[in-house]
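User: Please take a close look at a single part of this model and describe it in its setting.
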Amino acid sequence: MSALIALVGRELRLALRQGTDAAAALAFFALVVVLLPLGIGPEPGVLARIAPGAVWVAALLAVLLSLDRLFAADGEDGSLDLLRLADLPLELTVLAKALAHWLATGLPLLLMAPLLALFLNMPAEAYGPLMLGLLLGTPCLSLIGCVGAALIVGARRGGVLLSLLVLPLYIPVLIFGAGAVEAVLAGLTPRPHLLLLAGILAAAVPLAPIAAAAGLRLALE
Amino acid sequence: MTMSGVSAAFHRFANPGRFLRLAALLLPWSAGLTAVLLAVGLWFALAASPADYQQSETVRIMYVHVPAAWMSLFVYANMALAAAVGLVWRHPLADLFTKAAAPVGATFTALCLATGSLWGKPMWGTWWVWDARLTSVLILFFLYLGYIALVHAFDDEERGLRAGAVLVLVGVVNLPIIKFSVEWWNTLHQPASVMRLDGPAIHPDMLRPLLIMALAFTAYFVTVVLLRVRSEILARRLRQLQQVQAAG
């Protein structure tokens, strides 16, 4: 347990020192949301209609950007071999990295989302389900992203390949996250969508580390 | 077959040379069967089966669309099984099977989506709709493409094959979603008519060409995969020979 906390601490300290990486993801999030009104036109009604989905897609893409170096950096400088030999099982190592990734990237995105939703003129009642959905969904994105990041360690053009691998797996999270907000805007309850998101999270927490650890072991052979 | 008999057979067919001999034996039969089944199936589908009372002749697209859809799921399930066998038992041909099957599965999925779209325009009035069944099959198509990209992304072939095997197993969760999407969601796509607990809800005159086409597609899959695995084994031998020659 203390090894897990130590690893999370290490990752967070690294993220803080290289603060620009997390900040870049946040800036990308903001930029995508800014691009949309410029491309679609500033009509408030249209923007309000697309706001929940747009925030979700932008958050998804921002998380995707930050996953590239998650394990590749460790693979290059030899930390991955040390982690493999450590007391902590590789699956728990992945869990620690996913938690740290969420704390450093997902959580800031979550906190910035309401501000960007404001730019898109999102209706007031949509903020609650949006935040709740992102709270449940961003950890899923980190966990599923870990699987993809583990598989591409040492691959050529890993960044682009990662998008192709991980985006199909992200689609259910997007559908239910945006669906929760759409439900509220239609006057229905967001409960089924949020429960399904919670279900995806509950499944991802044990299963994603197993798959990612299998991928890391392949990288270390 | 006893358990030791099963594992003996398992290990016997792990030998690539033996597989090549088996493939040489099976290929002519498999190819012939494909041709025969395709001819019979198409004759039944296009000529000897009734037109639908609502859709008239357009229903005949079903005889390509539905078997292609079945094949896209069947091929992925086989790939997942082979991936599991390759990861757990390190069977040398399992990963080659997965690599060989992927483009075939991707093509069947693309065929399913394309024929579905062509069928949807006259029937539903739209080329595409974002309902659960179509979306999940589109995701399956991207999973196939992702696998193919991942396997070719590594200089070390073994590494690529094993990483791909992990990816296939991660994506297998999509299969029950596709199958049950028409029951779990309100979809435009029609619910299951053949593989139901209550038995097929389709007339035997239409079920017959459907099943024959499905068998024809399966025979085609077997033929193409045998050819492709044979090519992979021979390509591997060629690379080894080139390396020996380069080493002097």
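The request concerns one helix of chain B, α5(B).

Analyst: This is a predicted model, in which local features need pLDDT of at least 70 and side-chain atom pairs count only at pLDDT 80 or more, while totals for chains, interfaces and linings use all residues. Residues are numbered from 1 along each chain as its sequence is written, and chains are lettered from A and ligands numbered from 1 in the order in which they are written.

Chain B contains eight helices and zero strands, where helices (H or I, at least four residues) and strands (E, at least two) are DSSP runs numbered from the N terminus. Its C-alpha atoms fill a box of roughly 70 × 40 × 35 Å along the principal axes.

Within chain B, α5 covers 132-151. Its 20 residues should span 28 Å at 1.5 Å a residue, and the end C-alpha atoms lie 29 Å apart, which agrees; the expected span is 1.5 Å times one less than the number of residues. Because 14 of these 20 residues are buried, α5(B) is largely enclosed by the rest of the structure. Buried means that 20 or more other C-beta atoms, placed from the backbone, lie within 10 Å of a residue's own. Of the 248 residues of chain B, 35% are buried.

The helix also takes part in the contact with chain A, to which each of the two chains brings 15 residues; residues are in contact if their C-beta atoms, placed from the backbone, lie within 7 Å. On the chain B side, α5(B) gives the most, with seven residues, and α6 (157-171) supplies at least two.

Technical notes: Buried ≥ 20, exposed ≤ 12 C-beta atoms within 10 Å, placed from the backbone.
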